Amino acid sequence: MLEQLQTLKSEAEKQINEASDLKTLNDLRVKYLGKKGPMTEIMKQMGKLSAEERPKMGSLANEVRTALTEAISSKQQILETAAINEKLKAETIDVTLPGTAPSIGTKHLLTQVIEEMEDMFIGMGYEIAEGPEVELDYYNFEALNLPKDHPARDMQDSFYITENTLLRTQTSPVQARTMEKHDFSKGPIKVICPGKVYRRDNDDATHSHQFTQIEGLVVGENITFADLKGTLTVLAKTMFGEEREIRLRPSFFPFTEPSVEMDISCFKCGGKGCRVCKGTGWIEILGSGMVHPNVLEMSGIDSTRYSGFAFGLGPERVAMLKYAVDDIRHLYTNDLRFTKQFQSTETGEI
């Protein structure tokens with residue numbers, strides 16, 4: 001038994017010293033000192049010894065158990081200290097190293113187009129006017145010379161919330177609200193009205209039930225059609241290039257008289273005719289006209305003294321034409337593969 005205890009002690013101490021992690025060390029503790037371990041088995045054999053040998057072997061067994069317990073405890077402290085040091089080493093921060101640059105977001109293509117137009121009009125003396133997206137029927141239709149029986153008021157075109165409220169179908173109500181409260185002693189009205197609008201339409205490559213508009217309004221004394229044409233020319237050349245030409249075609253809108261639609265010379269073929277302009281050399285951009293006298297009068301403005309013009313266009317259409325976007329849904333589906341192609345130069349990226 002003496003030889004057995006010495007062999008056990010030597011073997012156990014060697015394995016304890018070689019243990020490389022706390023789990024291995026714990027397994028060795030269970031192996032040698034556990035209830036089913038060799039030390040327990042040796043203690044069970046003490047009863048077979050003589051009365052003279054039993055105290056000596058018992059004392060020796062206790063010494064071996066104590067030695068192994070102390071060896072395990074000592075090794076445990078070493079491994080725990082090493083683990084803490086390793087963790088601290090991994091978590092050490094070198095404050096002299098440069099920081100990790102965060103990924104900076106960029107403005108959406110549609111936002112870039114809208115802000116480009118806003119900057120242009122602000123430079124021409126316009127102000128930006130805003131209004132509610134949930135609008136009164138009066139401002140969305142009646143104040144704009146759209147009587148109750150007008151086709152544009154059909155439920156197929158509008159999202160009605162109650163009989164007298166709806167999601168605005170255009171940003172023109174902002175113009176009506178602006179005219180209603182304007183004080184001409186402070187100067188003429190010169191505003192643009194950007195914002196979201198809603199119409200009951202089936203979503204496809206060129207249509208959406210929710211989109212954006214930018215409408216412009218100028219009202220004052222001696223405002224003429226020539227002022228409208230000059231404004232639209234500046235708009236076309238700013239957004240599509242100095243070489244662009246415009247063409248005005250007669251049209252009809254209830255809130256303007258006369259009314260025209262504006263085309264620009266095709267920026268793809270220069271007016272020669274191609275797939276983009278459908279062979280005509282021209283691309284339709286927006287609708288406009290002189291503010292209808294009825295609209296002025298309903299807003300409390302003397303139509304015999306004041307006149308004005310209005311126009312409206314869709315930033316989505318401008319973006320699609322300017323950047324060759326073939327599906328309006330790309331502007332709303334948040335696909336990073338698409339949006340990253342049009343990163344704003346404000347972040348230093350192209």
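These are my notes from looking up confidence and two residues, Thr 231 and Glu 257, in a predicted model.

**Confidence**
I checked the scores before anything else. The protein averages a pLDDT of 86, and 91% of the residues score at least 70. By element, I found the lowest mean in helix α3, residues 38-44, at 69. The highest mean, 96, belongs to strand β1, which covers residues 127-128. Note to self: where pLDDT is low, the predicted coordinates should not be read in detail.

**Thr 231**
I looked up where Thr 231 sits and found it in helix α8, which runs over residues 225-240. Buried or exposed? Thr 231 comes out at 8% relative accessibility, so I logged it as buried, the cut-off being under 20%. Next I asked what its side chain reaches. The answer is the backbone oxygen of Asp 227, at 2.9 Å. Then I pulled the contacts of Thr 231, leaving out residues up to four places away in sequence. That gave me Phe 121, Met 124, Tyr 126, Phe 309 and Phe 311.

**Glu 257**
I picked Glu 257 from the UniProt record, where an unreviewed entry annotates it as "binding site". In the model, Glu 257 lies in strand β8, residues 256-265. How accessible is Glu 257? I got 47% relative accessibility, so Glu 257 goes down as partly exposed, a class that spans the range between the buried limit of 20% and the exposed limit of 50%. Which residues does Glu 257 touch, not counting those up to four places away in sequence? I noted Met 290 and His 292.

Notes: Residues are numbered from 1 along each chain as its sequence is written. This is a predicted model: local features need pLDDT of at least 70, side-chain atom pairs count only at pLDDT 80 or more; totals for chains, interfaces and linings use all residues. Side-chain values use heavy atoms; hydrogens and water are left out. pLDDT is the predictor's confidence in each residue, from 0 to 100. Helices (H or I, at least four residues) and strands (E, at least two) are DSSP runs, numbered from the N terminus. Buried means under 20% relative accessible area, exposed over 50%, partly exposed in between (1.4 Å probe, protein chains only). A polar contact is a pair of N or O atoms within 3.5 Å; within protein, one must be able to donate a hydrogen and the other to accept it, and residues adjacent in sequence count only if both atoms are side-chain atoms. Contact means heavy atoms within 4.5 Å. UniProt positions are given in the numbering used here, feature names are shortened, and annotations may be inferred rather than shown by experiment.
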